[in-house]
Amino acid sequence: MPKTKKLPLNSLQLHLHPNLVTLLSGDRLTQSKLPDIQFLSVEQLQCVLDSCPIPVLKHEKEGQYFILAAMPIIESILSYDASLKLNASLIIYEEAEPIMSTLALIKPALLIPEFKYLPERLHSRLGKAKLLNLAIPSKKQLSHLAQMSPSCIRESK
């Protein structure tokens with residue numbers, strides 16, 4: 001059974017697992033530049049971190065961990081000015097192999113339908129959030145985070 005641990009984000013020493021590097025080496029579509037997230041609040045980023053714990057394997061060196069899944073969001077959050085105030089949740093596994101194959105192959109296959117219609121979903125949810133008077137980023141800010149043109153976030157035809 002994996003263990004969970006919550007630590008200050010800035011204290012973590014995370015390294016990609018060598019097998020994960022090999023798994024990801026053929027990925028053609030990668031982020032050319034990390035999105036600027038400085039407009040987000042500490043509370044918003046902590047909520048994001050809380051909703052996506054980092055799957056890791058302990059490194060032989062104390063306080064260091066191997067990441068078992070591609071998580072570009074962690075790089076973005078580490079570049080955040082107030083990242084010192086953030087805590088990350090770790091799921092510490094005993095074995096790397098079944099976790100990496102699950103998170104690199106099975107999870108993306110299961111999630112592709114969810115991301116296929118992301119622009120339309122963002123458009124719909126943005127409109128509904130406005131009706132509910134929720135504090136929301138602008139369409140331009142959302143498109144920046146999703147690394148797409150603001151014109152992509154529109155109703156489907």
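**Group meeting: a walk from Asp-50 to strand β5**

Okay, let's start with Asp-50, which counts as partly exposed because its relative accessibility is 40%. Before I go on, keep in mind that this is a predicted model.

So what does Asp-50 form a salt bridge with? The partner is Lys-6, and the closest N and O atoms of the two are 2.9 Å apart. That pair links distant parts of the chain: Asp-50 belongs to helix α2, residues 42-51, while Lys-6 belongs to strand β1, and 44 residues separate them. Lys-6 is partly exposed as well, at a relative accessible area of 47%. And how many salt bridges does a search of the whole structure find? Just one.

Let's stay with α2 for a moment. Its buried residues are Val-42, Leu-45, Gln-46 and Leu-49. Those residues cover an arc of only 100° around the axis, so they sit on the same side of α2. What do they pack against? The answer is β1, α3, which is 72-78, and β5. Flip to the face of α2 turned away from that buried side, and you find the exposed residues Glu-43 and Ser-51.

Now on to β5, residues 87-93. Five of its seven residues are buried, so β5 is largely enclosed by the rest of the structure. Which way does β1 run relative to β5, parallel or antiparallel? Antiparallel: six bridges join β1, residues 3-8, to β5. If you want a spot to look at on screen, find Thr-4, which stands opposite Ile-91 in β5.

Then there's β3, residues 54-58, which pairs with β5 in the parallel sense over four bridges. Here the place to click is Leu-57, standing opposite Tyr-93 in β5. One reminder for anyone following side chains along these strands: in a regular strand they alternate between the two faces of the sheet.

One residue in β5 brings us back to where we began, and that's Ser-89. Is Ser-89 buried or exposed? Buried, because its relative accessible area is 18% and the cut-off for buried is under 20%. Leaving out residues up to four places away in sequence, Ser-89 touches Lys-5, Lys-6, Asp-50, Pro-53 and Ile-54. So you'll notice both salt-bridge partners, Asp-50 and Lys-6, in the contact list of Ser-89.

Next stop, Leu-9, in the loop between β1 and β2, which is 13-16. At 1% relative accessibility, Leu-9 counts as buried. Which residues does Leu-9 touch, again not counting those up to four places away in sequence? They are Leu-49, Ile-77, Leu-78, Ser-83, Leu-86, Asn-87 and Ala-88. Leu-49 you've already met, as one of the buried residues of α2. As for Leu-78, its C-alpha atom is separated from that of Leu-9 by 7.6 Å, although the two are 69 residues apart along the chain.

Last thing, out to the surface. Leu-105 is in helix α4, residues 97-116. Leu-105 is exposed, with a relative accessible area of 54%. Together with Ile-106 and Leu-110, Leu-105 makes a nonpolar surface patch of about 330 Å².

To recap: one salt bridge in the whole structure, a helix α2 with its buried residues on the same side, a largely enclosed β5, and a nonpolar patch made by Leu-105, Ile-106 and Leu-110. That's me done, thanks.

Notes: Residues numbered from 1 in each chain as written. Predicted model: local features only at pLDDT ≥ 70, side-chain atom pairs only at ≥ 80, totals over all residues. Heavy atoms only, no water. Patch = residues over 30% accessible without salt bridge, like charges linked within 9 Å, V, L, I, M, F, W, Y side chains within 5 Å. Areas by Shrake-Rupley, 256 points an atom, 1.4 Å probe, with all protein chains shown as cover. Salt bridge = Lys/Arg side-chain N within 4 Å of Asp/Glu carboxyl O. Helix = DSSP H or I, 4+ residues; strand = E, 2+ residues; numbered from the N terminus. Buried < 20%, exposed > 50% of the residue type's maximum accessible area, 1.4 Å probe, protein only. Contact = heavy atoms within 4.5 Å. Pairing = 2+ DSSP bridges. Arc of directions from axis to C-beta.
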